[in-house]
Amino acid sequence: MAAWLLAAATPAGAQVRGIQAEIHALVERDGVHAGTDVRAALRVSLPDGFHTQSDTPRDPTLIPTVLRFEPPPGVEVVEVVYPPASDLIQEGQAEPLAVFEQTFAIGVLFRLGGVGEGPLDVPGRLRYQACDDRLCYAPVTADVSWTLDVVPASVSGTPQHEDVIAAIPYGTGAPPEAPPAPA
């Protein structure tokens, strides 16, 4: 009996741990105004040699990269702009995989309504599955949050992260995916 229990606990039955990405929530300015649209981004960096499936993998059995939100009152998520996918040719696959490379940025457009001045946190969750050239690891859901510093209209914010924000084609994205219904 003990030998059977030991065999049942072998690595073949264990789930491979998820690969942690370095994730940074970026905002286009250090001060934003109520009643305006705010461009933001999520910069994702995986360890060397890893990629994720795109937001629309060609194979429906693969886990897509998805960014969801829980915006506070007065904040609307207008669009999410995923980067273009790269084709990854993998042995044994009929067609290339649609993937996001090791480092990528997802654009987000927030619309601020009648929000008060001061820091405003906009939480979200990034779900992704990191893979290397041989294996996909357990999916990971990472909590993320953008802090928007809402300032009076008379104060202008200083641009930030211009290299990342300028590279995102805002206006070409789609509304965010709705959160899954409770079970």
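The protein chain holds two helices and eleven strands, and the model in which they appear is a predicted one. The exercises below go through this chain part by part.

**Exercise 1. Describe the order of the elements along the chain, and how far apart in sequence its contacting residues are.**

Solution. Begin at the N terminus, from which the elements run α-β-β-β-β-β-β-β-β-β-β-β-α. Next, take the contacts between residues at least 6 apart in sequence, of which 77% join residues at least 24 apart. Finally, consider burial across the chain, where buried residues make up 38% of the 183 residues.

**Exercise 2. Work out which strands pair with β2, and in which sense they run.**

Solution. On one side of the question stands strand β1, residues 22–27, which is joined to β2 by six bridges, the two strands running antiparallel. Within this pairing, Arg43 of β2 is the residue that stands opposite His24. The other partner is β8, which is connected to β2 through nine bridges and also runs antiparallel to β2. Here Ala40 has Val108 of β8 standing opposite.

**Exercise 3. Locate the largest nonpolar core, and name the elements that build it.**

Solution. The largest nonpolar core consists of 33 residues, and those with the most contacts inside it are Leu67, Phe110, Leu112, Trp146 and Leu148. Two or more residues of this core come from each of β2 (37–45), β4 (66–69), β5 (75–81), β8 (103–112), β9 (118–128) and β11 (140–150). To see one of its members in detail, take Leu67, which, when residues up to four places away in sequence are not counted, touches Leu42, Tyr82, Ile106, Val108, Arg125, Leu126, Val144 and Trp146. Apart from the largest core lies another, made of eight residues, with Ala41, Ala105, Val164 and Ile168 among them. As a general background, nonpolar side chains in soluble globular proteins tend to be buried together.

**Exercise 4. Sort the residues of β11 by face, and find how this strand is joined to β9.**

Solution. The covered face of β11 carries Val140, Ala142, Val144, Trp146, Leu148 and Val150, whereas Thr141, Asp143, Ser145, Thr147 and Asp149 belong to the uncovered face. Turning to the pairing, one finds eleven bridges between β9 and β11, which run antiparallel. As an example from this pairing, Asp149 in β11 stands opposite Pro119.

**Exercise 5. Compare the two sides of β7, and identify the strands that pair with it.**

Solution. From strand β7, residues 97–100, Leu97 and Val99 point one way while Ala98 and Phe100 point the other way, and all of these are buried. Strand β3, residues 51–53, is joined to β7 by two bridges in an antiparallel arrangement, with Val99 as the bridge partner of Gln53. Strand β6, residues 86–88, pairs with β7 over three bridges, likewise in the antiparallel sense, and in this case Asp87 has Ala98 as its bridge partner.

**Exercise 6. Decide whether Ser54, Tyr82 and Ala167 are buried, partly exposed or exposed.**

Solution. Ser54 lies in the loop between β3 and β4, and because its relative accessible area is 1%, under the 20% cut-off, Ser54 is buried. Leaving aside neighbours within four places in sequence, Ser54 is in contact with Pro64, Thr65, Ala85, Ala98, Val99 and Phe100.

Tyr82, in the loop between β5 and β6, has 21% relative accessibility and therefore counts as partly exposed. With neighbours within four places again left aside, its contacts are Asp55, Thr65, Val66, Leu67, Phe100 and Ile106. One of these, Phe100, is 18 residues from Tyr82 in sequence, and their C-alpha atoms are 9.2 Å apart.

Ala167 lies in the segment after α2 (162–166), and its relative accessible area of 62% makes it exposed. A separation of 9.0 Å lies between the C-alpha atoms of Ala167 and Ala105, which are 62 residues apart along the chain.

**Exercise 7. Characterise the largest pocket by its space and its lining.**

Solution. The space in the largest pocket comes to about 180 Å³. Its lining is formed by 16 residues, of which Asp55, Val80, Val81, Tyr82 and Ala174 are the closest to its centre. Strands β4 and β5 each supply at least two residues of this lining. Sorted by class, the lining has eleven nonpolar, three polar and two charged residues.

Note on methods:
Residues are numbered from 1 along each chain as its sequence is written. This is a predicted model: local features need pLDDT of at least 70, side-chain atom pairs count only at pLDDT 80 or more; totals for chains, interfaces and linings use all residues. Side-chain values use heavy atoms; hydrogens and water are left out. A nonpolar core is a set of buried Ala, Val, Leu, Ile, Met, Phe, Trp, Tyr and Cys residues joined through side-chain atoms within 4.5 Å. Buried means under 20% relative accessible area, exposed over 50%, partly exposed in between (1.4 Å probe, protein chains only). Helices (H or I, at least four residues) and strands (E, at least two) are DSSP runs, numbered from the N terminus. Contact means heavy atoms within 4.5 Å. On a 1 Å grid over the protein atoms alone, a cavity is a set of points where a 1.4 Å probe fits but cannot get out, and a pocket is an open set with protein on both sides within 12 Å along at least five of seven lines; lining residues have an atom within 4 Å of a point. Grid points are joined across faces, edges and corners, and a volume is the space filled by probe spheres set on the points. Ala, Val, Leu, Ile, Met, Phe, Trp, Tyr, Cys and Pro count as nonpolar, Asp, Glu, Lys and Arg as charged, and the others, Gly among them, as polar. Two strands pair if DSSP finds at least two bridges between them.
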